[in-house]
Amino acid sequence: MESTLEAVALLAILAGILLFTTAATATVGALLVAGGAYALILPQFIEPGGPATR
């Protein structure tokens, strides 16, 4: 699952870079790059596991 998420995030970043190079879709491209980067970084801070402890 983690490698699938990474692959999708990288595809979003690449699509965002391609869209960012055209002026009409620069905002969409920037959002895709930011979203892909966020998806790659987020699992580093969230560890899957059991219930939260107090």
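## Two helices and a nonpolar surface patch

Ile41 has its place in helix 2, which spans residues 26-45, helices being DSSP runs of H or I with at least four residues, numbered from the N terminus. This is a predicted model, in which local features need pLDDT of at least 70 and side-chain atom pairs count only at pLDDT 80 or more, while totals for chains, interfaces and linings use all residues. Residues are numbered from 1 along each chain as its sequence is written, and side-chain values use heavy atoms, with hydrogens and water left out.

The protein chain has two helices and zero strands, a strand being a DSSP run of E with at least two residues. Of its 54 residues, 11% are buried, where buried means under 20% relative accessible area, exposed over 50%, and partly exposed in between, with a 1.4 Å probe and protein chains only.

| Residue | Helix | Relative accessible area |
|---|---|---|
| Ile13 | helix 1 (residues 2-20) | 16%, buried |
| Ala37 | helix 2 | 33%, partly exposed |
| Ile41 | helix 2 (residues 26-45) | 46%, partly exposed |

Ile13 touches Leu32, Val33, Gly36, Ala37 and Leu40, not counting residues up to four places away in sequence, contact meaning heavy atoms within 4.5 Å. The C-alpha atoms of Ile13 and Ala34 are separated by 7.5 Å, although these residues are 21 residues apart along the chain. For Ala37 and Glu6, 31 residues apart along the chain, the C-alpha separation is 9.6 Å.
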